[in-house]
Amino acid sequence: MNRDLTITDIRLTPVLVADPPLLNTQGVHQPHTPRLIVEVVTADGSTGLGETYGDTKYLELARPLADRLTGRRADDLNRLFSEAGRTAVDASRISGRVDAGGLRGVQTADKLRLSVLSAFEVACLDALGKSLGLPVHTLLGGKVRDTVEYSAYLFYRRAHHPEGVTAQEDDWGAALDPAGVVEQARRFKERYGFTSFKLKGGVFPPDEEIAAVRALADAFPGHPLRLDPNGAWSVETSLKVAGELGSLLEYLEDPTLGTPGMAEVAARAGVPLATNMCVTTFAEIEEAFTRNAVQIVLSDHHYWGGLRNTQHLAAICRTFGVGVSMHSNTHLGISLAAMTHVAATVPGLRHACDSHYPWQSEDVLTERLRFDDGAVRVSDAPGLGVELDRDRLALLHRRWLDDDGSLRDRDDAAAMRVTDPDWTTPPMPRW
Ligand code: GKR
Ligand code: MG
């Protein structure tokens, strides 16, 4: 076979994907959420797939990056990354410390660039794997496990999006109290076999969320439990929650914002702290690790800059005795496949990874990925081992084209205002 891995084309397809009314501290998920699907085509006829955030600021950067990388080689990733680093980022796109829509920590030009680049890297690895007949995990040095464990991602949620809003219905029903959360967890366990449970908190006053975790502990004795309020609590509130839940928790995730606050909670709480908010870039590692502010970093291969950077992060964490696992934001099967390949190569992955995937009823793949006994089997097929369904892609792209612009940028506070016109993003700490 002619292995000319020159990138001849990069196709960028923004899509809007159905999302249920999941609550978090900033508001509620909108009925559709944006993602960007990337296809890297190489001269030997391979097409690799990648996926990343699809809000406008990512799309605006994706085009110039794609133009810059076309003509280069899909197997020349190191040079591709340096080349991409020269692409300018519009500074007006990086405002404020914490990402308003995505709860993804600090915003920097580099992080924005890496968030887009990660989809290109995954697509190049997929193309390369297809061309060589090798799975992505082999290109990353080889898997050290055959399955990757995921946790059930529990959300307080409404039964439906508000009346009059075009949305995909589901039959999960509302979960707004401890009984609802336990019922949701039971269903996750029955359907997918998950044995770890993470509850998205910061939605109700801490006492209610403490009651929900206690109810989970009673219903599922011995199952690892996590609570993640996305930084909605003060240091004092975090310590109170940690004091009450203590040994029931596998870890507490981002109880409060910022490394100094996390360090104080970590020093006094006696519960391990995980983060996908206070350490989201390499530049933040030194301070956080030196101050022992976090015990587990939840990597997100999108904003850390891809699968190889995730491996670098995991190696740094290992060196400092800090645990590593995976963060998730609403995503499709391409990203779940990518997460699974890289997670399969990380030694000492002791915590089940997060994934929103069970909440997504739609995908752009010919076949959905499956969770069996709470885990995804690592594919040994060439590349990522997934196949694009062009009709599905076209349908979800059509939805993006038809949108009047109101859903093209994730805005959980705007979705909340549909039912509560006075709602604004709450100032932090909320409690
Ligand atoms: O989907 O509402 C959500 C989550 O709150 C998400 O945006 C977070 O980034 O899942 C994430 C987390 O663990 O913080
Ligand atoms: Mg989190």
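## The magnesium site

Along the chain, the donors of the magnesium ion (ligand 2) are spaced as D-x24-E-x22-N. In this predicted model, the protein donors are Asp 228 through OD, Glu 253 through OE and Asn 276 through OD1, and they sit 2.0 to 2.2 Å from the ion. Glu 253 belongs to strand β10 (residues 251–253), while Asn 276 is in the loop between β11 (273–275) and α9 (285–290), so this pair ties together parts that are 23 residues apart in sequence.

How exposed or buried are these two? Glu 253 is buried, with a relative accessible area of 0%, and Asn 276 is buried too, at 1%.

## Around ligand 1

Those two residues turn up again at ligand 1. A polar side-chain atom of Glu 253 is 3.0 Å from an oxygen atom of ligand 1, and one from Asn 276 is 3.1 Å from a ligand 1 oxygen. His 327 joins in, with a side-chain N or O atom 3.0 Å from an oxygen of ligand 1. The protein covers 100% of the 350 Å² of accessible area that ligand 1 has on its own.

In total, 17 residues surround ligand 1, and the closest are Asn 24, His 29, Tyr 153, Asn 230 and His 356.

## Helix α1

Over to α1 (residues 56–69): its 14 residues reach 20 Å from first C-alpha to last, close to the 20 Å expected at 1.5 Å a residue. Gly 71 follows the helix, with a positive phi near 100 degrees.

The buried residues of α1 include Tyr 58, Leu 61, Leu 65 and Leu 69. What do the buried residues of α1 pack against? Their partners are strands β1 (7–18), β4 (32–42) and β5 (47–53), plus helices α2 (77–84), α3 (109–132) and α13 (390–402).

Technical notes: Residues numbered from 1 in each chain as written. Chains lettered and ligands numbered in written order. Predicted model: local features only at pLDDT ≥ 70, side-chain atom pairs only at ≥ 80, totals over all residues. Heavy atoms only, no water. Helix = DSSP H or I, 4+ residues; strand = E, 2+ residues; numbered from the N terminus. Expected span 1.5 Å × (residues − 1). Buried < 20%, exposed > 50% of the residue type's maximum accessible area, 1.4 Å probe, protein only. Contact = heavy atoms within 4.5 Å. Donors = N, O, S within 2.8 Å, 3.2 Å for Na, K, Ca; no water. Near = heavy atom within 4 Å. Polar contact = N/O pair within 3.5 Å; in protein donor to acceptor, adjacent residues only side chain to side chain. Areas by Shrake-Rupley, 256 points an atom, 1.4 Å probe, with all protein chains shown as cover.
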